[in-house]
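Reader: I have the sequence and the structure open side by side, and I would like to learn how to read them together. Could we begin with a single residue and then widen the view?

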Amino acid sequence: MRSEIKEYQAVEEAAMKFVKSVAEGNSKYAKELFIDEAVLFGYLDGELEHGSIEQFYRNVDTVPGGDHFKARVDVLMVEESLAVVRVLEEGWGNRIDFTDVLLMLKMNGQWKCVAKAYNQNSDTIEK
């Protein structure tokens, strides 16, 4: 059963913690969103990143979004306790564009991210 619009808004609000962390170069907001067991998968400059979400926190804390960083959150699906969110990022670190997919679950009344997979746009890969 499709959820009501207010639930989509709650998911978007939760996902904005991800965007705020990336923009500010501070993982503290993302740590409110991701569960401790969350996983990460994607290629950064051609190198596979996978495993604990801690790698994402290290990346965010090392490289701020930058002066020209932009992001857009699209809530693709909300089905009761499951949500899929796409985040488009442009100019992370003044260089990289990403498409992130966040898999979220409603846990104890709060939307939490359990997995993040991403694609780095090929024209931003540094070789």
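Author: We can begin with Ser21, which is found in helix α1; please keep in mind throughout that this is a predicted model.

Reader: Is Ser21 buried or exposed?

Author: The general idea is to look at relative accessibility, where a residue under 20% is called buried. Ser21 has 0% relative accessibility, so it counts as buried. Once residues up to four places away in sequence are set aside, Ser21 touches Asn26, Ser27, Lys28, Tyr29, Ala30 and Val60.

Reader: Which strands does helix α1 touch, and at what angle to β3 does it run?

Author: For that we need the sheet first, and a sheet is read by the order of its strands. Here an open sheet of 6 strands follows the order β2-β1-β6-β5-β4-β3, and its pairing is mixed. Its edge strands, each pairing on one side only, are β2 (47-52) and β3 (70-79). On average, and ignoring direction, neighbouring strands of this sheet are turned by 15° against each other. Helix α1, residues 5-24, packs on the sheet and touches β1 (34-44), β3, β4, β5 and β6 (110-120), while its direction makes about 145° with that of β3. Another helix, α3 (residues 54-62), lies across β1, β2, β4 and β6 and runs at about 70° to β1.

Reader: How do I read the mixed pairing of this sheet?

Author: The way to read it is to take the strands two at a time and ask in which sense each pair runs. Strands β1 and β6 pair in the parallel sense, over 5 bridges, and within β6 it is Tyr118 that Gly42 stands opposite. Strands β5 and β6, by contrast, run antiparallel and are joined by 10 bridges; here Asp100 stands opposite Tyr118 in β6. Strand β4 (residues 82-92) and strand β5 (residues 96-107) also run antiparallel, with 9 bridges between them, and Leu82 has Leu105 as its bridge partner in β5.

Reader: What should I look for in the hairpin of β5 and β6?

Author: In a hairpin it helps to look at the residues between the strands and at their backbone angles. This one has 2 residues between the strands, and Asn108 takes a positive phi near 50°.

Reader: Why is β6 described as largely enclosed by the rest of the structure?

Author: One counts the buried residues along the strand. In β6, 8 of the 11 residues are buried, so the strand is largely enclosed by the rest of the structure.

Reader: Which residues touch the most other members of the largest nonpolar core?

Author: In soluble globular proteins, nonpolar side chains tend to be buried together. The largest nonpolar core of this model has 34 residues, of which Phe18, Phe34, Phe56, Val85, Leu102 and Met104 touch the most other members. Two or more residues come from each of α1, α2 (28-33), β1, α3, β3, β4, β5 and β6, and the largest share, 7 residues, comes from α1.

Reader: What do Phe18 and Phe56 touch?

Author: A contact list is most informative when close sequence neighbours are left out. Leaving aside neighbours within four places in sequence, Phe18 is in contact with Leu33, Phe34, Phe56, Val87, Glu89, Asp100, Leu102 and Lys116. Phe56, which is found in helix α3, counts as buried because its relative accessibility is 6%. Not counting residues up to four places away in sequence, Phe56 touches Phe18, Val22, Ala30, Phe34, Leu40 and Lys116.

Reader: How many aromatic pairs does the structure hold, and why is the pair of Phe56 and Tyr57 called tilted?

Author: Ring pairs are judged by the distance between centres and the angle between planes. The structure holds 7 aromatic pairs. In one of them, the ring centres of Phe56 and Tyr57 are 6.1 Å apart and the planes stand at 55°, so the pair is tilted; both residues are buried. Trp92 and Phe98 have ring centres 5.6 Å apart and planes at 50°, so that pair is tilted too, and both of these residues are buried. Phe18, Phe34, Phe56 and Tyr57 form one aromatic cluster.

Reader: Where do Lys20 and Lys31 lie relative to tyrosine rings?

Author: Here one asks whether a charged end lies over the face of a ring. The charged end of Lys20 sits over the ring of Tyr29, 4.6 Å from its centre, and Lys31 lies over the face of Tyr57, at 5.2 Å from the ring centre.

Terms used. Residues numbered from 1 in each chain as written. Predicted model: local features only at pLDDT ≥ 70, side-chain atom pairs only at ≥ 80, totals over all residues. Heavy atoms only, no water. Pairing = 2+ DSSP bridges. Helix = DSSP H or I, 4+ residues; strand = E, 2+ residues; numbered from the N terminus. Axes fitted to C-alpha atoms, helices over the stretch in contact; angles between N-to-C directions. Contact = heavy atoms within 4.5 Å. Phe/Tyr/Trp six-rings, centres within 6.5 Å; stacked < 30°, edge-to-face > 60°. Buried < 20%, exposed > 50% of the residue type's maximum accessible area, 1.4 Å probe, protein only. Lys NZ or Arg CZ within 6 Å of the ring centre and 35° of its normal. Core = buried A, V, L, I, M, F, W, Y, C linked by side-chain atoms within 4.5 Å.
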